[in-house]
Amino acid sequence: MSQGKCYLCGRIINKRGAIRHLKKCLKEEKINKNIDVFHIGLFAYGDYWLHIEIPTHYTLKDLDQFIRDIWVECCGHLSEFVIKDIRYAVYPSVYSQVDLWGEKPRSMRVKLKNVLKEGDTFSYIYDFGSSTEIELKVFAQRKGPGFRILMRNLPLEFQCKICGKKASFVCPFCYETFCEECVDKHAAEADSDREDMLPIVNSPRCGICGYEGSEKYGDI
């Protein structure tokens with residue numbers, strides 16, 4: 001079970017206890033809360049997860065930008081949300097060339113409060129080639145101070161495929177992980193260069209399409 005850091009109190013909490021802990025932490029806060037916000041959880045494969053508060057008047061485009069900034073943006077790929085079987089994209093007109101579903105998506109420039117409510121689950125996908133998929137859930141609607149991260153998983157640790165030590169790199173071709181000492185050996189065996197190997201970062205897009213981490217948020 002992966003662990004995460006609470007941004008409200010600094011404690012390390014396991015994934016299963018996140019909601020229970022956040023309810024307690026939020027109740028004990030002594031700050032001004034006068035903005036309608038959604039508490040949304042984001043969950044990707046490999047034990048990558050986040051909890052955020054986001055104003056209900058923000059748009060899906062704002063949420064898309066946050067996901068790009070913290071977890072996925074590498075080459076400006078297309079993305080979309082699916083809410084109640086309705087698709088929402090940043091540039092719906094672009095999909096006329098790539099639409100495989102027979103219906104163009106709607107614009108992401110719609111307010112969250114107009115398409116979501118407490119208890120809703122929905123999905124997000126970034127890049128329709130080497131895709132990163134995320135499941136989201138609206139855990140609550142309440143008053144808050146504005147947009148903020150509530151909790152984020154701690155960086156995951158991987159072992160070197162060759163020696164078993166803590167890995168620092170991932171190969172974008174075979175997706176195996178390697179330490180500082182063994183990465184050059186693997187690169188040579190793969191007829192590649194060390195520069196082609198990608199750093200291990202706290203993101204479900206780790207090792208994919210040249211992704212090297214979030215410049216805005218870092219790993220924790």
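This report describes a predicted model, taking up its aromatic pairs, three of its strands and the surroundings of one serine.

## Aromatic pairs

A pair of aromatic rings is described by the distance of the centres and the angle of the planes. In this model the count of such pairs comes to 5. One of them joins Phe43 and Phe139, whose ring centres are 6.3 Å apart and whose planes stand at 80 degrees, so the pair is edge-to-face; the cut-off for that class is an angle over 60 degrees. Phe43 belongs to strand S3 (residues 35-44) and Phe139 to strand S9 (residues 132-144), so this pair ties together parts that are 96 residues apart in sequence. Phe43 has a relative accessible area of 22% and is therefore partly exposed, and Phe139, with a relative accessible area of 24%, is partly exposed as well.

Another pair is formed by Phe81 and Phe122, with ring centres 6.0 Å apart and planes at 45 degrees, so that the pair is tilted. Here Phe81 lies in strand S5 (residues 79-83) and Phe122 in strand S8 (residues 121-126), and the pair therefore ties together parts that are 41 residues apart in sequence. Phe81 and Phe122 are both buried. Elsewhere, Phe66, Phe147 and Tyr217 form one aromatic cluster.

## Strands S5, S8 and S9

The strands that carry Phe81 and Phe122 are also paired through their backbones: S5 and S8 run in the antiparallel sense, with 4 bridges between them. Within this pairing, Glu80 has Ile125 of S8 as its bridge partner.

Strand S8 is also joined to S9, again in the antiparallel sense, by 6 bridges. Ile125 takes part here too, since its bridge partner in S9 is Glu133, and Ile125 thus has bridge partners in Glu80 and in Glu133. S8 and S9 form a hairpin with 5 residues between the strands, and in this hairpin Asp127 takes a positive phi near 75 degrees.

## The surroundings of Ser214

Ser214 is placed in the segment that comes after strand S13 (198-199). With a relative accessible area of 12%, Ser214 is buried, because the cut-off for buried residues is under 20%.

When residues up to four places away in sequence are left out of the count, Ser214 touches Asp69 and Ile70. With Asp69 there is also a polar contact, in which the side chain of Ser214 reaches the backbone oxygen of Asp69 at 2.6 Å, a distance that falls within the 3.5 Å cut-off for such contacts.

Conventions
Residues numbered from 1 in each chain as written. Predicted model: local features only at pLDDT ≥ 70, side-chain atom pairs only at ≥ 80, totals over all residues. Heavy atoms only, no water. Helix = DSSP H or I, 4+ residues; strand = E, 2+ residues; numbered from the N terminus. Buried < 20%, exposed > 50% of the residue type's maximum accessible area, 1.4 Å probe, protein only. Polar contact = N/O pair within 3.5 Å; in protein donor to acceptor, adjacent residues only side chain to side chain. Contact = heavy atoms within 4.5 Å. Phe/Tyr/Trp six-rings, centres within 6.5 Å; stacked < 30°, edge-to-face > 60°. Pairing = 2+ DSSP bridges.
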